[in-house]
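Here's a quick briefing to read with the structure open beside you. Take the topics in any order you like.

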Amino acid sequence: MFELKPMLSALWRNKVSALLIALQLALTLAIVSNATVIVKDRMEKVARPTGMDVGNIIAATYMPIPTDYDMAGAVIADLDLLRNTPGVLDASVTNQIPLSGSGSAGTYFNEPNQEIGGENANYYQVDSHFIDTLGLNLIEGRNFTPADEHVVGPNDRHHSEVAVISKQFAEKLFPGESAVGRFFYAGNTDKPVEIIGVVEQHLGAWPGWSRAGNVVFYPLLVTDNHKRYLIRTEPGQRDAVFKEVEELLNNRDPQRVVQVETLSKNLERTYIGDNVMIKVLSLVMALLTFIVALGIIGLTIFWINQRTKQIGIRRALGATRANISRYFLIENSLIAGTGLVLGTAGALIINRLMVSEFSQPTLTLPLLAVCAIVLLLVSITAALMPAMRAANVSPAMATRSV
Amino acid sequence: MLKMQNIRKSYRTDTIETHALRDFSLEVNEGEFVSVTGPSGSGKTTFLNIAGLLETPTGGQYLLDGQEVGNLSDSERSRLRNEKIGFIFQGFNLIPDLNLFDNIDVPLRYRGFNAKERRRRIEKSLEQVGLSARAKHLPAQLSGGQQQRVAIARALAGEPRFLLADEPTGNLDSLMARQVMELLEFINEWGTTIVMVTHDPELARRAQRNIQIVDGQVSDLRQTIAQPEAAIA
């Protein structure tokens with residue numbers, strides 16, 4: 001029943017069109033699998049947990065107009081006002097807004113005056129409300145208390161004696177050990193900073209950074225020329241509070257310029273390139289798959305029309321309708337199989353180039369296999385309708401003279 | 001072997017209904033060699049299609065080897081065609097992409113024989129038609145007569161009890177036609193029932209019995225040995 005050898009002989013005699021479809025499939029697999037790995041990587045990146053209650057957080061940045069502005073006093077008054085605003089759960093001061101693309105980073109060491117072997121991390125100068133305001137999950141140690149907070153001038157050599165760090169950074173500094181109660185050194189100094197707490201996750205200022213997730217928080221208020229507040233609202237209250245924040249701050253003190261934004265917007269802006277990439281590549285994959293399916297449908301219909309008499313002869317000689325459908329489906333699968341084998345090699349070669357030249361993620365064999373299986377199913381589905389049509393050719397076609 | 005009673009076959013379009021066979025009755029006995037003649041459009045091919053289970057009649061009863069075949073499913077008809085009927089077509093109807101061996105192999109695969117049995121039957125049938133040395137040739141590499149002998153070998157390989165030949169010499173010159181006809185006569189001598197549609201009066205005369213179809217009906221049944229000219233007039 002299974003006519004593999006004669007089928008291969010027949011295919012060999014019509015090899016050009018079969019080979020073209022196989023090559024089209026090979027190219028499609030090579031492109032689709034590599035596009036899939038990029039899309040998957042971007043989707044994982046976009047879907048990474050930020051560690052923060054992003055949907056309910058508002059960020060306000062202000063710059064005072066007077067040069068002799070009492071920044072520390074303004075911060076205390078503003079935060080008091082914000083924390084007592086209806087719909088607000090908590091508010092905190094910070095030097096940078098998370099996920100904004102703007103931030104500060106330093107190099108940290110395990111030993112004093114160490115010069116090499118440090119680990120980079122994004123750092124924030126915050127207050128004791130920061131962890132609750134962002135909704136961070138403190139998994140070890142303790143939060144800052146007001147007693148930990150220090151106010152320093154912009155030109156002071158500010159140094160905090162305690163810090164809370166992210167779990168990812170803790171594992172980098174002290175692999176396999178608890179970081180709480182341990183010390184690190186910010187830069188090439190001999191002044192230790194004690195780790196008093198560890199939060200589960202915080203993506204920091206730059207989610208696309210290779211070390212995103214390495215974060216250090218210091219309980220410091222630096223009285224420089226601008227300040228930023230983070231305001232966490234009750235669920236569903238963010239938009240209402242958002243409309244009030246600018247007015248509230250300006251009413252309390254009109255001598256400044258205030259700008260308000262949401263963390264959601266920041267996050268969206270951060271991933272805009274990734275999201276465009278995901279959409280464009282998904283569209284390209286869908287189009288390529290559609291085109292290859294059309295090619296298979298076209299070729300199968302062409303071959304069936306070309307072999308209508310032959311189908312009639314086979315039917316006259318005893319082929320059932322199922323035999324005829326199966327013949328075309330197996331023939332199509334042989335072409336698809338050839339294309340997918342070639343495509344597998346092509347996909348791996350292209351991926352190797354993309355990894356070495358463009359630092360793209362590696363294409364894994366299971367993912368490649370999934371892409372190949374999907375394309376095989378697409379090709380079988382595409383051939384199914386024409387193959388079923390072929391099965392309806394009458395055996396009486398064998399006795400017709402045309 | 002074959003018994004048709006009041007067979008009707010009509011083809012209908014939106015505006016026209018054509019009656020290809022009307023109250024067509026015929027009986028062919030086991031081992032007979034019957035020729036079927038008639039003018040173009042008389043219903044010869046329709047008779048052949050119905051006899052070979054390639055088409056279903058609109059009405060009437062058809063018994064093949066004692067089995068009523070009118071109500072069989074498409075798959076059952078395919079199986080019967082494969083097991084009991086051998087076909088020889090005017091245009092040879094070989095599959096051009098397959099060599100002779102694979103062409104003969106086609107119906108045997110549908111029959112479900114194993115590879116060893118198929119090979120035995122293919123080699124035997126090629127030997128019977130004198131083409132053993134050409135097994136790996138493509139049909140296009142053979143003459144018309146040789147191609148028709150391959151078609152006969154393909155029909156013989158299934159060891160059918162009933163052979164239907166549609167103008168088997170129609171595309172051959174007289175020498176080739178005679179060789180093919182002699183082959184058919186040999187096959188008939190081995191016990192295979194043959195019904196042959198032909199335009200050639202010479203060939204029709206060589207059958208044991210000739211049937212003439214006119215306007216979809218059997219017009220005359222005669223022993224060709226007794227009245228050959230009248231039977232094919």
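What follows covers the contact between the chains, the build of chain B, two helix pairs in chain A and two unusual backbone angles.

Keep in mind that this is a predicted model. In brief, chain A meets chain B through 21 residues on its side and 27 on the other, and chain B itself has eight helices and ten strands. Two helix crossings in chain A, α2(A) with α11(A) and α3(A) with α6(A), also get a look below.

**Where the chains meet**

- Chain A puts 21 residues in contact with 27 residues of chain B.
- On the chain A side, α1 (4-13), α9 (308-316) and α10 (321-358) each bring at least two residues to the surface that touches chain B.
- If you sort that chain A side by residue type, you get ten nonpolar, seven polar and four charged.

**How chain B is put together**

- Chain B is built from eight helices and ten strands.
- Its C-alpha atoms fit in a box of roughly 50 × 40 × 35 Å along the principal axes.
- How does the radius of gyration of chain B sit with that of a compact globule? A compact globule of 233 residues would come out near 17 Å, and chain B has 18 Å, so the two agree.
- Of the 233 residues in chain B, 50% count as buried.
- Take the chain B contacts with a separation of 6 or more: 68% of them join residues 24 or more positions apart.

**Helices α2 and α11 of chain A**

- Helix α2 (residues 15-47) of chain A packs on helix α11 (residues 365-391) of chain A at about 135°, and their axes are 9 Å apart.
- Why call this pair oblique? The angle of about 135° falls outside the roughly perpendicular range of 65 to 115 and is not over 145, so α2(A) is oblique to α11(A).
- The crossing of α2(A) and α11(A) is right-handed.
- From α2(A), the residues making the contact are L25(A), T28(A), L29(A), V32(A), S33(A), T36(A) and V37(A).
- Facing them from α11(A) are L367(A), L368(A), C371(A), A372(A), L375(A) and S379(A).
- By type, the residues of this α2(A)–α11(A) contact are nine nonpolar and four polar, with no charged ones.

**Helices α3 and α6 of chain A**

- The axes of helix α3 (residues 71-83) and helix α6 (residues 238-252), both of chain A, come within 11 Å and cross at roughly 135°.
- That angle makes α3(A) oblique to α6(A).
- The crossing of α3(A) and α6(A) is right-handed.
- Here α3(A) contributes A77(A), D78(A) and L81(A), while α6(A) contributes L248(A), L249(A) and R252(A).
- Four residues of the α3(A)–α6(A) contact are nonpolar, two are charged and no polar ones take part.

**Backbone angles to check in chain B**

- As background, most residues other than glycine have a negative phi.
- N6(B) isn't a glycine, yet has a positive phi of about 50°.
- You'll find N6(B) in strand β1 (residues 2-12) of chain B.
- Is N6(B) buried or partly exposed? With 14 other C-beta atoms within 10 Å, N6(B) is partly exposed.
- L53(B), also not a glycine, has a positive phi near 60°.
- L53(B) sits in the loop between α1 (44-51) and β4 (59-64) of chain B.
- L53(B) counts as buried because it has 26 C-beta neighbours inside 10 Å, and 20 or more is the cut-off for buried.

Conventions: Residues are numbered from 1 along each chain as its sequence is written. Chains are lettered from A and ligands numbered from 1 in the order in which they are written. This is a predicted model: local features need pLDDT of at least 70, side-chain atom pairs count only at pLDDT 80 or more; totals for chains, interfaces and linings use all residues. Two residues are in contact if their C-beta atoms, placed from the backbone, lie within 7 Å. Helices (H or I, at least four residues) and strands (E, at least two) are DSSP runs, numbered from the N terminus. Ala, Val, Leu, Ile, Met, Phe, Trp, Tyr, Cys and Pro count as nonpolar, Asp, Glu, Lys and Arg as charged, and the others, Gly among them, as polar. The radius of gyration is taken over C-alpha atoms; the globule rule is 2.2 Å times the number of residues to the power 0.38. A residue is buried if 20 or more other C-beta atoms lie within 10 Å of its own, exposed if 12 or fewer, and partly exposed in between; C-beta atoms are placed from the backbone. Axes are lines fitted to C-alpha atoms, for helices over the stretch in contact, and angles run from 0 to 180 degrees between N-to-C directions. Angles under 35 degrees count as roughly parallel, over 145 as roughly antiparallel, 65 to 115 as roughly perpendicular and the rest as oblique. A crossing is left-handed if the near helix is turned anticlockwise from the far one by less than a right angle, and right-handed if clockwise.
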